[in-house]
Each structure stands twice: as C-alpha cells, then as structure tokens.
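Colleague: Could you take a close look at one edge of the sheet in this model and walk me through how it is held in its surroundings? I would like one connected account that I can follow with the structure open beside me.

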Amino acid sequence: MVGIIMGSDSDLPIMQEAIDILESFDIQIEVDIVSAHRTPEKLFEYSKHAHLRGVKVIIAGAGGAAHLPGMVASMSPLPVIGVPVKSRNSIDGWDSILSILQMPGGVPVATVALDGAKNAGILAAQIIGASDTCVLDKIITYKEGLKLKVEQASKRVKK
C-alpha cells in the first residue's frame, strides 16, 4: 500500500496524478490531508504508525514552506517521496522545492519535480516492484508503452 498525503485539499488536483498512476498499477492506496502546520498531532500519528497499517511508501505533497515530507521522514521508517506543489502563495514553487530537497543528513526525502506527482507515483511503484514481481511486471509493461509512444511519434514526424 502507498500512503498519499497532502497539506491541503488545494493540493489534490496535483496529487491526483499519483493516485491515478498507482491505481493503474493496481496498487492499494490511502489518501488523506495531513497539514504539518495546522494538524501536527495528526502528522505525528500518521508518520509513526503508517507502517503498522501496511503502508510501504509515503508520497507527501506540499506547497509553500512544504514541511510535510521532511517531517514525515523524520518520524517514519518508510521511504518518503516529496512532491513540491506550486501553490497560490508560492515563490514560483522554489520555496516548496527547496524545503523538500534540502533535508539534513540522516533524514532523506526522495524529491520529484515541481507538481511531479505522477513521477512520485511511478517511483513508489518501482520501490514496491523491487520486492513484488506483479508490480514489477506492470512497471516493465508501462515503460514499454512509453517506448512505443515515442517510436510512433517518431514515425509521424520523421521525414
């Protein structure tokens, strides 16, 4: 199972891409809003107990100061993938990117591109696929599909 959390419901349109790709791989998900600043008790509870519910990877999306992924990583034994979200009060997303990317030694957060929730979902699936051959096979099929799309596009434009 992959836990997908976000700091606010305004992050859902971006985080929906992670939900969609994981569902396409038939990976069970749980989705919730967990604000690092407005619901710190919920953040602590989620971070400390997600692995006990069977969560294997956590994807955490946040905008602005974007403390959610790092705070989760500081308390959870699970791999955390951070999605910086360009919010309406953002500094072109750089505040979110740097908040998630610049973690201190010992508290890693894998960070994807700004608004890159789809890649976060794929990375989570690849992490799970390392020990689950059914998921691994779906990743291999997915990547073959990407290759075919490029080859088809190449044939259309090649002169």
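**The edge strand β2 and its surroundings**

Modeller: E30 has a relative accessibility of 19% and counts as buried, since the cut-off for that word is under 20%. Please keep in mind throughout that this is a predicted model, and that the values I quote are computed from it.

The side chain of E30 forms a salt bridge with the side chain of R53, with 2.6 Å from N to O. Because E30 belongs to strand β2 while R53 sits in the loop between α2 (40-49) and β3, this pair ties together parts that are 23 residues apart in sequence. R53, for its part, is partly exposed, with a relative accessible area of 38%, whereas E30 is buried.

A second salt bridge starts from the same strand, where the side chains of D32 and K42 meet at 3.1 Å, again from N to O. Here D32 lies in strand β2 and K42 in helix α2, so the parts tied together are 10 residues apart in sequence. D32 is partly exposed at a relative accessible area of 33%, and K42 also counts as partly exposed, at 34% relative accessibility. As background, side chains of opposite charge can pair when their charged atoms come close. The structure holds four salt bridges, and one of the others joins the side chains of K86 and D92 at 3.8 Å, N to O; there K86 counts as partly exposed at 44% relative accessibility, while D92 is exposed, with a relative accessible area of 54%.

Where does β2 stand in the sheet as a whole? Five strands form an open sheet with parallel pairing, in the order β2-β1-β3-β4-β5. Strands β2 and β5 (110-111) are at its edges and have a single partner strand each, which means that one side of each is left without a neighbour in the sheet.

The partner of β2 is β1: the strands, residues 29-33 and residues 2-6 respectively, pair in the parallel sense over five bridges. Within that pairing, I5 of β1 stands opposite D32, the residue whose side chain also meets K42 in the salt bridge described above, and M6 stands opposite I33 in β2.

Strand β1 is mostly covered, as five of its five residues are buried. Both of its faces are covered, with V2, I4 and M6 buried on one side and G3 and I5 buried on the other. This fits a general pattern: in a regular strand the side chains alternate between the two faces of the sheet. Beyond β2, strand β1 also pairs with strand β3 (residues 57-63), in the parallel sense and over five bridges, and in that pairing V2 has V57 as its bridge partner. At the other end of the strand order, strand β4 (residues 80-85) pairs with β5 in the parallel sense over two bridges, with A110 in β5 as the bridge partner of I81.

What connects β1 to β2 along the chain? Together with helix α1 (residues 12-24), the two strands make a right-handed β-α-β unit. The loop between α1 and β2 brings in an aromatic contact, and the count of aromatic pairs comes to one. In this pair the ring centres of F25 and Y142 are 5.5 Å apart and the planes stand at 85 degrees, so the arrangement is edge-to-face, a label used for planes over 60 degrees apart. As F25 lies in the loop between α1 and β2 and Y142 in helix α6 (residues 133-157), the pair ties together parts that are 117 residues apart in sequence. F25 is buried, with a relative accessible area of 3%.

To put the edge strand together, β2 is paired with β1 over five bridges, E30 in β2 meets R53 from the loop before β3, and D32 in β2 meets K42 in helix α2. The loop that lies between α1 and β2 holds F25, whose ring partner Y142 belongs to helix α6.

Note on methods. Residues numbered from 1 in each chain as written. Predicted model: local features only at pLDDT ≥ 70, side-chain atom pairs only at ≥ 80, totals over all residues. Heavy atoms only, no water. Pairing = 2+ DSSP bridges. Helix = DSSP H or I, 4+ residues; strand = E, 2+ residues; numbered from the N terminus. Right-handed = clockwise from strand over helix to strand, strands pointing away. Phe/Tyr/Trp six-rings, centres within 6.5 Å; stacked < 30°, edge-to-face > 60°. Buried < 20%, exposed > 50% of the residue type's maximum accessible area, 1.4 Å probe, protein only.
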